[in-house]
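User: Please take a close look at one part of this structure. Start from a single residue and then work through the elements that go with it.

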Amino acid sequence: MTRIAVIGPSDAGLRLGVALQAAGAEVVGFELAPAEYVPIPQASDISEAASADVVLSFVAPHLAEKTAQEFAPLLQSGAIYADFSTGTPELKKRLAQLFPAQAYADAALPAAGTVEAAGSAAHALCDALTNLKIAVTVISDVPGDAAARTLIRTLLSNGLAEVVADTLWAAESLGI
């Protein structure tokens, strides 16, 4: 059975954790300040969370480096650390340097039920999650490539939203 820890679970992280649990994985969450209700069991401490086969980190961007520094020395041999935090490609490259070879994946959730991964552990993450019926696309072996795609998507969607809002405002101003 694959053991997975979801660190700092955001709403998206919790949904992924619940889906993985429903697919048969042993899933625990870990949060320094847990919410009142979390739909997955919680690890008692960082060591328990770090003992998982796969650690999925959904911490806030300003906590990504600190969290990675805390987990890196505790990861078991052969374990995967997948960082889903929002960050720049440069941040993801720095985080990758904290982990042993083949242990780090820069990851993103571009759509419900799908994961994109880049970095040395991207293929291993793909294997682990695909076995649990989660669709994973490996972007590349370069950490930061998934983050770059996420940033570009965000720019596009924000830009489109502005164009639509401005177009509607102009049409309304013209009585159309």
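Where is Lys133 found?

Analyst: Lys133 is found in the loop between H5 and S7; helices (H or I, at least four residues) and strands (E, at least two) are DSSP runs, numbered from the N terminus. The model is predicted, with local features requiring pLDDT of at least 70 and side-chain atom pairs counted only at pLDDT 80 or more, while totals for chains, interfaces and linings use all residues. Residues are numbered from 1 along each chain as its sequence is written, and side-chain values use heavy atoms, with hydrogens and water left out.

Lys133 has a phi near 65 degrees, a positive value in a residue other than glycine. Its relative accessible area is 74%, so Lys133 is exposed (buried is under 20% relative accessible area, exposed over 50%, partly exposed in between, with a 1.4 Å probe and protein chains only). Another non-glycine residue with positive phi is Gln102, at near 70 degrees. Gln102 sits in the loop between H4 and S5 and, with 53% relative accessibility, is exposed.

The strand after the Lys133 loop belongs to an open sheet of 7 strands with mixed pairing, in the order S2-S1-S3-S4-S5-S6-S7; two strands pair if DSSP finds at least two bridges between them. Strands S2 (26-30) and S7 (135-140) are at the edges with a single partner strand each, so one side of each has no neighbour in the sheet. On average, neighbouring strands are turned by 25 degrees against each other, direction ignored. S7 is joined to S6 (residues 114-118) by 5 bridges, and the two run parallel. Thr114 stands opposite Ala135 in S7.

On the other side of the loop, helix H5 (residues 122-130) lies across S1 (3-7), S3 (54-57), S4 (80-83), S5 (104-108), S6 and S7, and runs at about 175 degrees to S7. Helix H6 (residues 145-173) also packs on the sheet, where it touches S5, S6 and S7, and its direction makes about 125 degrees with that of S6. Contact here means heavy atoms within 4.5 Å; axes are lines fitted to C-alpha atoms, for helices over the stretch in contact, and angles run from 0 to 180 degrees between N-to-C directions.

H6 is also a partner of helix H4 (residues 89-97), whose buried residues are Pro89, Leu91, Lys92, Leu95 and Ala96. Down the axis of H4 these residues fall within an arc of 155 degrees, so they line one face of the helix; the arc is that of the directions from the helix axis to the C-beta atoms. Glu90 and Gln97, on the other side of H4, are exposed. The buried residues of H4 pack against helix H3 (64-71), S4, S5 and H6.

The axes of H3 and H4 come within 10 Å and cross at roughly 15 degrees. H3 is therefore roughly parallel to H4 (under 35 degrees is roughly parallel, over 145 roughly antiparallel, 65 to 115 roughly perpendicular, the rest oblique). Ala64, Glu65 and Ala68 of H3 make the contact with Leu91, Arg94 and Leu95 of H4.

At the S2 edge, Gly29 lies in strand S2 and is buried, with a relative accessible area of 0%. The C-alpha atoms of Gly29 and Ala5 are separated by 5.4 Å, though 24 residues apart along the chain. Leaving aside residues up to four places away in sequence, Gly29 touches Val6, Ile40, Pro41, Gln42 and Ala43.
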